[in-house]
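Please look through the structure shown here together with the numbered points that follow, which take up a metal site and then the empty spaces.

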Amino acid sequence: MKECIFCKIIQREIPSTVVFENDSIVGFNDISPVAPHHVLFVPKNHIEKIDDLTPDDHSTIGELVFQAKEHAKKLNLVENGYRLVFNNGKDAGQAVFHIHLHLLGGRVMSWPPG
Ligand code: 5GP
Ligand code: ZN
């Protein structure tokens, strides 16, 4: 997807701090972190939002969650906990329309979210 900022990050056309990569997904630090640890895990194929998922995408989405929890372990977040978030659509505040899983950790978070 030509004008997608996350596709450009995946293609290394714009810089980011990549912390994880395999055949299907990439993890990189959020440019504007809202917690001491804020990593985004994205599929390499361009999918705009959770609503667009098809049965073919199940393993990719599972991979996002699995690698996020593996990364949380590397960051020593297991004992205190962490949050995984998908924002979907306008009311949820989705700003970038390429599916991404937020891994947030390193501070106490409130519930319900804002
Ligand atoms: P959303 O609100 O769509 O769930 O979250 C989008 C996230 O992408 C935000 O946390 C924002 O800071 C992050 N972001 C937006 N543009 C860039 C960028 O160019 N590089 C990186 N690393 N993160 C970005
Ligand atoms: Zn994209």
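1. Along the chain of this predicted model, the donors of the zinc ion (ligand 2) follow the spacing C-x2-C-x38-H-x51-H. Two of these residues link distant parts of the chain, since Cys4 belongs to the segment before α1 whereas His98 belongs to the loop between β4 and β5, 94 residues apart. Cys4 is buried, and His98 is buried as well.

2. The protein donors of the zinc ion (ligand 2) are the SG atoms of Cys4 and Cys7 and the ND1 atoms of His46 and His98, which lie 2.0 to 2.3 Å from the ion. The arrangement is tetrahedral because the four donor atoms subtend angles of 106 to 117° around the zinc ion (ligand 2). For comparison, the ideal angle for four tetrahedral donors is 109.5 degrees.

3. The largest pocket has a volume of about 630 Å³, and of the 31 residues that line it, Asp30, Val34, His38, Leu40 and His102 are the closest to its centre. At least two residues of this pocket's lining come from each of α1 (5-10), β2 (25-29), β3 (37-43), β4 (82-85) and β5 (101-105). By residue type, the lining of the largest pocket divides into 17 nonpolar, eleven polar and three charged residues.

4. A search of the whole structure for cavities of 30 Å³ or more finds one, and the largest cavity has a volume of about 30 Å³. The lining of the largest cavity is formed by Lys49, Ile50, Phe86, Asn87, Gln94, Ile99 and His100, which divide into three nonpolar, three polar and one charged.

Terms used:
Residues numbered from 1 in each chain as written. Chains lettered and ligands numbered in written order. Predicted model: local features only at pLDDT ≥ 70, side-chain atom pairs only at ≥ 80, totals over all residues. Heavy atoms only, no water. 1 Å grid on protein atoms, 1.4 Å probe; cavity = no way out; pocket = protein on both sides within 12 Å on 5 of 7 lines; lining within 4 Å. Points joined across faces, edges and corners; volume = space filled by probe spheres on them. Helix = DSSP H or I, 4+ residues; strand = E, 2+ residues; numbered from the N terminus. Nonpolar A, V, L, I, M, F, W, Y, C, P; charged D, E, K, R; others polar. Donors = N, O, S within 2.8 Å, 3.2 Å for Na, K, Ca; no water. Tetrahedral: all angles 85-135°; square planar, octahedral: opposite > 155°, others 65-115°. Buried < 20%, exposed > 50% of the residue type's maximum accessible area, 1.4 Å probe, protein only.
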